[in-house]
Every structure is written in C-alpha cells, then in structure tokens.
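Thank you all for making the time this morning. I would like to walk through one model with you, beginning with its sheet and ending with a single loop residue.

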Amino acid sequence: MVNVHVKASIHLAHLISANLKVLGLTGTIINVCSLASMIPLPTSAMYCSTKSFLVKFSESLALELKPYGIKVQALCPGFVHTDFHDKLGIAKEKCHTKGIVTWMGPEEVVKDSLKALKHNWQVICIPGIWNKAAYQVLKIVPRNLYYKAITEYDSCFSTKIK
C-alpha cells in the first residue's frame, strides 16, 4: 500500500511536473485519495494513513506548482462502485442501498472532479453532496465522540484486530 499510494504517487507527480516545467507547459495532476483520508477507521490504519499522506502531499505540491500553471487535485471520493466490487461479487444495487451511506459511480466522481478543476483554485475535491455533508459533520464532531461511535458501529468492520 505504501508503494502504490505513496511512493508511486510521489515518483509520478515529480516526473510529470518536472517535464511540464521544462517544456513550459501547464497541466493537471489528480491524486486519487479518499474520504477515508480525513478520518481514522478500524482495520484500515494503512489505507487511511497513506491516503491522508496523499492529501497533504497534493496540497503542498499544488502550492509549489501553482506559479508554473500546473494544478494539483486531491480527489477524495467516498464509496465508489467499480469493477473491483464486481469481481468480489458485490452487486451495484446492494451498494446503493446502505442507508445513509451512498455509493457513487466512477462517472459521477470524474464529472465532479473535472467540474472542481474548472472552478477557482480548489485543491481538495470531495465529490457528491452526501460525501461533502459527511465531511462537514466529521470536522465538527469531537474526536472522543467519533471514536466511541465508530467502535460501536462494528457491523461495517467485521474484521477485528487480534
């Protein structure tokens, strides 16, 4: 996970940005992060941590590259149904009926990402109205209350740390 989320992202971003700068071109780097980068989750320590790194890396890189006309976006979707879920046998219909947890399709995520890039200098993109709302709520919930709620809501986290 560290190799894919962190090392590969760093290597590719620096390679692309260096080439764009040398050629005097503008462009955009989109790092696919996750809404999970904003919160700790049981059984997801590495996933949340590497995605959190990627958000901060994207923000810092955006500041460095802005003078060159190179945009950087940290795309932070929530649940997205992809062929990965199909291969696991998780039907799309089942994903979209999880109560307040809403799943997006990849097309919706891409549409929101591109729309955010057209707006003023928006580095962090959280696609979907429900994901944006969840993020705003998570920012104001005291951490101790969050820890208590997330550990009691174990139906989403069937794997326990031994």
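In which sense do strand E2 and E3 pair, and over how many bridges? Strand E2, residues 70–75, pairs with E3 in the parallel sense over 2 bridges, where strands are DSSP runs of E of at least two residues, and helices runs of H or I of at least four, numbered from the N terminus, and where two strands pair if DSSP finds at least two bridges between them.

Before going on, I should say that this is a predicted model, in which local features need pLDDT of at least 70 and side-chain atom pairs count only at pLDDT 80 or more, while totals for chains, interfaces and linings use all residues. Residues are numbered from 1 along each chain as its sequence is written, and side-chain values use heavy atoms, with hydrogens and water left out.

Within the E2 and E3 pairing, Ala74 has Ile124 in E3 as its bridge partner. The sheet as a whole is open, with 3 strands in the order E1-E2-E3 and parallel pairing; its edge strands, each pairing on one side only, are E1 (27–32) and E3 (124–125).

Turning to the helices, H1, residues 2–23, lies across E1 and E2 and runs at about 175 degrees to E1, whereas H5, residues 106–118, lies across E1, E2 and E3, at about 140 degrees to E2. Those angles, on a scale from 0 to 180 degrees, are taken between N-to-C directions of lines fitted to C-alpha atoms, for helices over the stretch in contact, contact meaning heavy atoms within 4.5 Å.

Finally, Ile39 sits in the loop between E1 and helix H2 (45–65), and it counts as buried because its relative accessibility is 14%, the cut-offs being under 20% relative accessible area for buried, over 50% for exposed and partly exposed in between, with a 1.4 Å probe and protein chains only. Leaving aside neighbours within four places in sequence, Ile39 is in contact with Cys48, Leu138, Arg143 and Tyr146.
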